[in-house]
Amino acid sequence: MDPKVTVLALRKMKREGRKIVGVVAWDAQIASIADRAGVDLISVGDSVGVNLWGRAPSAQVSVDEILVCCKAVRSGTKRALLSCDVPAGTDALRAALRLADEGGAEMVKVLGNPDTVRAIVKAGVPVFAEIHGDNMAVARVVQLAGQLEDAGASMLDFRHSGPVAGPAGGGPVSIPGIGGLGGGPWLDGRVRLAHTAIGYAAKWLDVNDETYGNAAKLSLDAFRALIDDVRAGRQIKGG
């Protein structure tokens, strides 16, 4: 197995120009597969409410709920660095400490407020700070990135920053800047939903968007085969 990924290892990757690869996962099995594949970062996202549980986008995920996911992913993650989202609208410091102490998170992700980042880092928990650049001037992205680094952030998540604001903000700082939504090759790396990468969602049955696999169609075929076997009185595959 390759060496355990640490915050310092990710900073070294930035210095050496090696791209950081992360996935968002919510369960032990997907985390274990991604970890074995060699991803550098596994992020437990609060998007679990929408993407796994089918909630409305406006519905909030509680700290207790994200903690369950964090513990599950922790059990499946050996090599990659584990980050866990602090849900919006919560006491960020208290939540960060719970996710680290109870959930085993090695880093927590919070929306980029320098004061919040500073408080969490002071408490001993590394921070993955998120910047939403879609409605932000380039100069403000650059300024905020520097402020978050000064506050002690270990990594930046540039969302919707695009090929201009992204590298402008991420280039001058010494900490890695990676992208999820709206990210791209102009950053130090990329984070992708594991379920999107493998095509694991009902929507992948009917769309032809680019992905790396289509678990939805494989699952549909498997379930249909199971139905056929049971109804025909045949022995079920695998016992």
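This section describes the nonpolar core, helix α4 and the two largest pockets of a predicted model. Local features need pLDDT of at least 70, side-chain atom pairs count only at pLDDT 80 or more, and totals for chains, interfaces and linings use all residues. Residues are numbered from 1 along each chain as its sequence is written, and side-chain values use heavy atoms, without hydrogens or water.

The largest nonpolar core (buried Ala, Val, Leu, Ile, Met, Phe, Trp, Tyr and Cys joined through side-chain atoms within 4.5 Å; buried means under 20% relative accessible area, 1.4 Å probe, protein chains only) has 61 residues. Ile42, Leu99 and Leu156 touch the most other members. Helix α4, residues 63-76, contributes the most, with six residues. Helices are DSSP runs of H or I of at least four residues, strands E runs of at least two, numbered from the N terminus. The buried residues of α4 include Ile66, Leu67 and Val73. They pack (heavy atoms within 4.5 Å) against α2, β2, α3, β3 and α5. Val73 is also among the contacts of Ile42.

The largest pocket holds about 940 Å³. Pockets are open sets on a 1 Å grid over the protein atoms alone, for a 1.4 Å probe, with protein on both sides within 12 Å along at least five of seven lines; lining residues have an atom within 4 Å of a point. Volume is the space filled by probe spheres set on the points, which are joined across faces, edges and corners. Of 38 lining residues, Asp46, Ser47, Asp85, Glu130 and Arg159 lie nearest the centre. Strand β8 gives the largest share, four residues.

The second largest pocket has a volume of about 410 Å³. Its lining comprises 18 residues. Here α2 supplies the largest share, four residues.

Terms used. Buried < 20%, exposed > 50% of the residue type's maximum accessible area, 1.4 Å probe, protein only. Lists of a residue's contacts leave out its neighbours within four places in sequence.
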